[in-house]
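Please open the model in a viewer and keep the selection panel at hand. The tour proceeds by selections, each followed by a description of what is found there.

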Protein chains: 2
Amino acid sequence: MFSKACEYGIKACIFIAEQSVNNRRVSLKEVASSIDSPEAYTSKILQHLCQNNIVRSDKGPLGGFSIPAPILSHLRLSNIVYLIDGDDIYKGCGLGLKRCNEKLPCPVHNKFKVIRSELKEMLESTTILSLVDKLHNGLTFLKR
Amino acid sequence: MFSKACEYGIKACIFIAEQSVNNRRVSLKEVASSIDSPEAYTSKILQHLCQNNIVRSDKGPLGGFSIPAPILSHLRLSNIVYLIDGDDIYKGCGLGLKRCNEKLPCPVHNKFKVIRSELKEMLESTTILSLVDKLHNGLTFLKR
DNA sequence: ATAATAATGGATATTTTTGTCTTTTTTTTA
DNA sequence: TAAAAAAAAGACAAAAATATCCATTATTAT
């Protein structure tokens, strides 16, 4: 459904958000080990998220990654997925046709658009904070 | 959503099915040009479909690909997707966790399972014949 | 200032997916 | 039986995704 990069990105954001809620910055190492992802690859993904102001990074000792409260209060799954995987999952034709639309639909167009719009709606309505809450309550897990 | 191979596979099946309804066998060339796919790559995908009795092939002049009526009457999108892409799209964790389930769900588990089960239901209930009908009525297209 | 810490950036490597090319096998028709 | 047509099979190539390594830059504490 999502690329590996996107999966790591989502998990990393949930973990960093959880720590940010408690005013803790986290290092790359902590992120990677907490979400069980390859460190250097995760670094690239975090860079990407930082360059697009979804995550904040500070260098030096005491540095690390965080998500500032004003950003966290608005952050949704859709922001992360859109940044990393683009909008193909919302817009792209189910059969990969370049020009598939209401007027000239592919055979699966109408079946897919229902699923797709529900996926879109779900990603846009799910906040990272709501996912952090579940983590915090011990109801969900980021590893294994 | 699906791999390129799977997209080609679905389009190829719809095209071959359309021709089989009219008792016409089609060559690899015809398939590839009709669905706008790379010929040799499409060949591999058709081989795979043939080995798994979703498509039939006959060698020699007058040979070509077809889908026998008894198969076509049962064939659904899910059969093709499952063969080519496997069951990750139904079963796999949205965050790529190996062991994510009802008891130990990842943070997005419950949000995703709704979408996933709808996707599953859609693929399992959509027959290739119903898609051929739309093609035939000029309501949908396989290229562009 | 210096050393230590942590992210950044760039180059490189590996793996997977996608795509190609060539030879072989099967079948039909002449 | 020989030639032609068509898929099968296997090796190979290119592109994309995933992953690693190393030198650089910024920040903090000593």
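How much area is buried between chain A and chain B, and what percentage of it do carbon and sulfur atoms give? In this predicted model, the buried area is about 3400 Å², and carbon and sulfur atoms contribute 67% of it.

**Confidence**

Colour chain A by pLDDT before proceeding. The average for chain A is 94, and 100% of its residues score at least 70. For the complex, the predictor reports an ipTM of 0.92 and a pTM of 0.94.

**Chain A alone**

Next, hide chain B and display chain A as a cartoon. Its secondary structure consists of eight helices and two strands. Followed along the sequence, the elements of chain A appear in the order α-α-α-β-β-α-α-α-α-α. The C-alpha trace of chain A spans about 55 × 30 × 30 Å along its principal axes.

Now select Lys4(A) and Glu7(A) and show their side chains. Both residues belong to helix α1 of chain A, where they are three residues apart, about one turn of the helix. Their side chains form a salt bridge, with an N to O distance of 3.4 Å. Over all chains, the whole structure contains 14 salt bridges.

**The relation between the copies**

Restore chain B and superpose chain A on it. A rotation of 180° with 0.0 Å of shift along its axis achieves this, at an RMSD of 0.0 Å. The two copies are therefore related as by a two-fold rotation axis. To find the axis from chain A, select Met1(A): its C-alpha is the nearest of that chain, 2.8 Å from the axis. Both copies use the same surface, since 97% of the contact residues of chain A recur in chain B.

**The interface**

Select the residues of each chain that are in contact with the other. The selection holds 35 residues of chain A and 35 residues of chain B. Within it, pick out Met1(A), Pro107(A) and Arg144(A), which supply 20% of the area that chain A buries against chain B, more than any other three residues.

Which kinds of polar interaction link the two chains, and how many residue pairs are in polar contact? Six residue pairs are in polar contact between chain A and chain B, with both residues at pLDDT 80 or more. The count of salt bridges between the two chains is zero.

Finally, select α1 (4-21), α7 (109-125) and α8 (128-136) of chain A. These are the elements that give two or more residues to the side of chain A that touches chain B. The largest share, seven residues, comes from α7(A). Coloured by residue type, the side of chain A that touches chain B divides into 22 nonpolar, four polar and nine charged residues.

Notes: Residues numbered from 1 in each chain as written. Chains lettered and ligands numbered in written order. Heavy atoms only, no water. Least-squares fit on C-alpha atoms with pLDDT ≥ 70 in both. Contact = heavy atoms within 4.5 Å. Buried area = accessible area lost by both parts, 1.4 Å probe. Salt bridge = Lys/Arg side-chain N within 4 Å of Asp/Glu carboxyl O. Polar contact = N/O pair within 3.5 Å; in protein donor to acceptor, adjacent residues only side chain to side chain. Helix = DSSP H or I, 4+ residues; strand = E, 2+ residues; numbered from the N terminus. Nonpolar A, V, L, I, M, F, W, Y, C, P; charged D, E, K, R; others polar. pLDDT = per-residue confidence, 0-100.
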